[in-house]
Every structure is written in structure tokens, then in C-alpha cells.
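Trainee: I'd like a close look at one part of this model: any closed-off space inside it, and the strands around that space. Start with what counts as such a space, then work outwards.

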Amino acid sequence: MNMKIRYNIWMMAVVLLYSLHACAPYPESAHPALQPLVLYPEYQDVTIPCNVAPLNFLLRNEGVDAVSVNVKGTADSLQVHAHGNKVIFPQKAWRSLLESEKGRALTVTVTARTAGQWLRYPSFEWRVMPERIDAYVSYRLIEPGYEVWNALQIRERCMENFEERILADNSLTDNKCMNCHVHGRNNGNLSMFHLRGEKGGTILNRNGRLRKLALKNDRMTSAAVYGDFHPDGRYAVFSSNIIIPMLHAADNRRLEVYDTTSDLAIADWDENRMIVSPLTADSLALETFPTFSADGKWVYFCSAPLVALPDSIEKLRYSLCRIPFDTERGEWGSRVDTLWNARLNGSSVCHPKVSPDGRYLLYTIADYGTFPIWHRETELRLMDLQTGTVDSLSAVNSNRSDTYHSWSSDSRWFAFASKRGDGQYGRIYFAYLDAEGKAHKPFVLPQSDPEKDDLTLKSYNIPDLSATPVPFDAAVIKKIYQGLEAEKFE
């Protein structure tokens, strides 16, 4: 390419950029707005990590046909002018801004044009934390109900931009159910999920090697269900459940799911064996949602005395318990401790997850039962494992279901699924926990187009954070499903 052609191309690019800039609306003067600013997502005064993707948003105020946004920091700033009601930040400038303003607050001022008049709304803040959130979050994309469960995917999204991959797609696996994708140690080279059906099994990704496993023996009531990795990666603990779905005949609840039987078992990946304990296999108790402590010496789980089901479903309440585990011997301990008593608290506990630093335990509570996603009263709770105190997390919870949470590697961030908003579709939110143990207002997963959540009529389910991506995709899972026999466990 000669110099003249290069110069002409460069001049065309300059003219195009100038034209776009000239067409972009700019408020030379504005009046104070009398109505409150209505944003989606509701990003006002949130706390964010320094490596998060741009917080693009919509103005939902009526009649907005142009918008101008000024994001001002101590050392840097960013401005966006656009037609319509969408605010989309350029990624390169956004990254530069957050990097230069780590540990500081950004002041965000929105000015919008309505009926030919520019209105300036009160400013709000974005607090940029220097602690980075894990770069990847996986989740299940699924219809938000009981009618359609066989059209779903497991996806992985990069938190630092908008790149997304499909890890598993059940349209490629005979429409079989897939669930519970979790990482070990927030590591993309240690993860697992269950692929149900005749050719299914638990897909284990360990050090990049994929295996398909039949995690059941004759002492277990079912194949493995809810699970979590031991920190050394050799073991994982699971529940073994007979799960019954039930439709409500009254009230505003839609669906209930309960166990008629549930026990616990530990899988040994090296020896292909399932390790059971009589203390977690009581026929008069239901044990579920097990998870290891950060040091691997304890298994935390939920336990409830068996009641007549489904008639007494509202009396089914789970306590938070723990039992020792001897890693060197691969053996369960000989006692069970109760940390949170359901009878005394009048609620039911679900989904305990210990922070990677071992300091906190995050869990949810509901009025009763073990399927809180359709219980709008479900809330997150944070227990300090050093003091035993419990934080109600008022800055985090909403008036809808908040549950299915996971920790980031540094124990400063956690993700959770929430039905706040319309009460139907679950979205992924992220909250910051500071050095004093105080939780801050969460923010929803940013999208390249802020209208995407309005157009995505599916729920983001079971978010799980990872520092690195997993080494497989849907095509690889299809091959394993079709061509690999499930390994037996004793």
C-alpha cells in the first residue's frame, strides 16, 4: 500500500470520527432534574472491583432521547455522549480509568435530554476496590420454571470483558439435564458437573484431564448430587438424594422440591471409591448441601429430622452442622456439631460455603425446606467462624430470593443468584466484603448491551467463580457423552 492510499484512508477515518463526534449530543446547559434518576441496572453507589467490565446501563426515565455521562476520578475521567437512552463505555478507556482510580471513588453525573430539554440528575458514586475479583464466572442458563428443563446450557463468562463460552449444551447430549458446575480452589483446571441420563455421569476436570464417573455404590440411595471439592483436590463430598418436585395448591409459591431420603458420601478420585459414614446416613435425618472447610478438616452440611412429606413440608427445617474429616486416612470423624439450630431460629438453612481464607461461612435461610430459589423470603447470611456472630447482610439482600453463592479467591468478593427485580428471572450479582467483614451494595453482571437482560428470558443459575478458564467446551463434552464409558466407584 503506497503512502497516498494510506494517507487517504487515515483522512477518511479522521473525518468519520469527527462526524460521529459532531453528531453526538452534548448538553451545553442543563436544568436540575425534578424526578429521580431511573437506571437499569441499578448501579447507583455500588462497590466494584478494579478489573470489572464496563458498567453499561439504560436510562428508564420516560422520553429520554439523548444522554451525556461524566465519570470523574481524582486522576482521570471518562465522558460518553450518545443518542437514545443507552450508556456504553469504551472498554480501553474504562480499563485505564479503573486502573488509575483503584481504592478511590468515582463521581458519576448523568445528564439526559427529554422533550428537547437537558436535565442534570444528582451525582452518585462508584467505589473502585483494589482487590480484583476472579476473572471468570460459570453459570447455568435455564428456563425459570418447572415446565422446561431440557433446554439449557452451562456457560463461562469473563468478568473483565464480555467474552462468553458455552461449556456444555444439552442440545448436543440428547437434551439431558446438566447441573451443579463447581470449581475447586477457584481453579479452572479443577471442576465438575453432573450430566444425567443413560450415557451420563459426573464430568470431572482435574489438571485438565476429563473423566466421566458413576458416583454411586450400593450403600448410596442415588448418584451424587450437590457437591464440593476438598482443598487438596483428591476428594470431593456429595449428597445422595431422592428428590421430589411438588406444585403448590395455594399461596404465591409455585414449586417445592424436597428430599424423601438424603445422605452424604465422599468421593476419592485416586481410588475410585465412595466413603460413607453412619453419622451422615441416618434414615431418620436428611443431610444435604455438604462443603469442605478451607483447610479440609471439616465437612459443613445441612441436616433436618425427617417429617411426613409432603403434608408437613412447612415443618421441614434444616440446621447447620459439621463433622471432622481426616485427610491422611480418608475417614469421616466420630462426632457431629450443630453450629446453627433450625428449631431455635425458626428457619431453614441451605448452601453453606466457607470463604477461602477460612474466616467466614456464607449461607442462606428460608422459612422452611431445602429449595429456596422459589421462596421469595430467602436471604443470605454471613457467619464469622472465629466469633460465631451472624451478619444479616442487609446491604446485600433484597425482597426476593438471594441464594446459590460462591466466593472469589481472595475472600473479598462473592457471587450469588438473585430474583430481585421481576421475581422471575435470576441474575448474577457480586458483593464486596471489606477487611472489617462489612458487606457493600452489590452490582449485577455487566453486559455489553445493557438491554440484554430485558431480552434474555432465561435465568442465570448457580454462579461459580474461577480465577482461570476451564480447558473444555460443549464440543468436547459431546464427545465424552457419546464415546466415554463412566468409571465405576466402589
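Mentor: Sure. On a 1 Å grid over the protein atoms alone, a cavity is a set of points where a 1.4 Å probe fits but cannot get out. Keep in mind that what we have here is a predicted model. Searching the whole of it turns up four cavities of 30 Å³ or more, and the largest has a volume of about 230 Å³. That largest cavity is lined by 15 residues, and those closest to its centre are Val182, Gly227, His351, Lys353 and Ile462.

Now for the secondary structure around that space. At least two lining residues come from each of E14, strand E18 (224-229), strand E22 (285-292), strand E27 (348-354), strand E31 (402-407) and strand E35 (459-466). Let's take three of these strands in turn: E31, E27 and E14.

E31 holds a backbone oddity. Tyrosine 404, which is found in that strand, has a phi near 50°, positive even though the residue is not glycine. Most residues other than glycine have a negative phi. With a relative accessible area of 14%, tyrosine 404 falls below the 20% cut-off, so it counts as buried.

Around E27, look at the cysteines. Cysteine 350 is buried, its relative accessible area being just 1%. The closest cysteine sulfur to its own belongs to cysteine 302, but the gap is 5.8 Å. A disulfide needs the two sulfurs within 2.5 Å, so this pair is too far apart for a bond. The search of the whole structure likewise finds zero disulfides. Cysteine 177 is buried too, at 19% relative accessible area.

E14 leads us out of the lining and into a sheet. Five strands make up this open sheet, in the order E14-E15-E16-E17-E36, with mixed pairing. Strand E14 (178-184) and strand E36 (487-488) are at the edges; each has a single partner strand, so one side of each has no neighbour in the sheet. Helix H5 (residues 474-483) packs on the sheet, where it touches E15, E16 and strand E17 (209-214), and its direction makes about 40° with that of E17.

Further into the sheet, strand E15 (residues 187-195) and strand E16 (residues 201-206) run antiparallel and are joined by six bridges. In that pairing, methionine 192 stands opposite leucine 204 in E16. As general background, strands of a sheet pair through backbone hydrogen bonds, either parallel or antiparallel.

After E16 comes a loop that leads to E17, and asparagine 207 lies in it. Here is another positive phi in a residue that is not a glycine, at about 55°. What sets asparagine 207 apart from tyrosine 404 is its surroundings: at 67% relative accessibility, asparagine 207 counts as exposed, whereas tyrosine 404 is buried.

One more backbone feature to check while you have the model open: the peptide bond joining leucine 309 and proline 310 is cis, with omega about 10°. Proline 310 sits in the loop between strand E23 (298-305) and strand E24 (319-326). There is also a cis bond from tyrosine 40 to proline 41, with omega near -10°, and proline 41 is in the loop between strand E2 (39-40) and strand E3 (46-49). Most peptide bonds are trans.

How values were computed: Residues are numbered from 1 along each chain as its sequence is written. This is a predicted model: local features need pLDDT of at least 70, side-chain atom pairs count only at pLDDT 80 or more; totals for chains, interfaces and linings use all residues. Side-chain values use heavy atoms; hydrogens and water are left out. Buried means under 20% relative accessible area, exposed over 50%, partly exposed in between (1.4 Å probe, protein chains only). Two strands pair if DSSP finds at least two bridges between them. Helices (H or I, at least four residues) and strands (E, at least two) are DSSP runs, numbered from the N terminus. Contact means heavy atoms within 4.5 Å. Axes are lines fitted to C-alpha atoms, for helices over the stretch in contact, and angles run from 0 to 180 degrees between N-to-C directions. On a 1 Å grid over the protein atoms alone, a cavity is a set of points where a 1.4 Å probe fits but cannot get out, and a pocket is an open set with protein on both sides within 12 Å along at least five of seven lines; lining residues have an atom within 4 Å of a point. Grid points are joined across faces, edges and corners, and a volume is the space filled by probe spheres set on the points.
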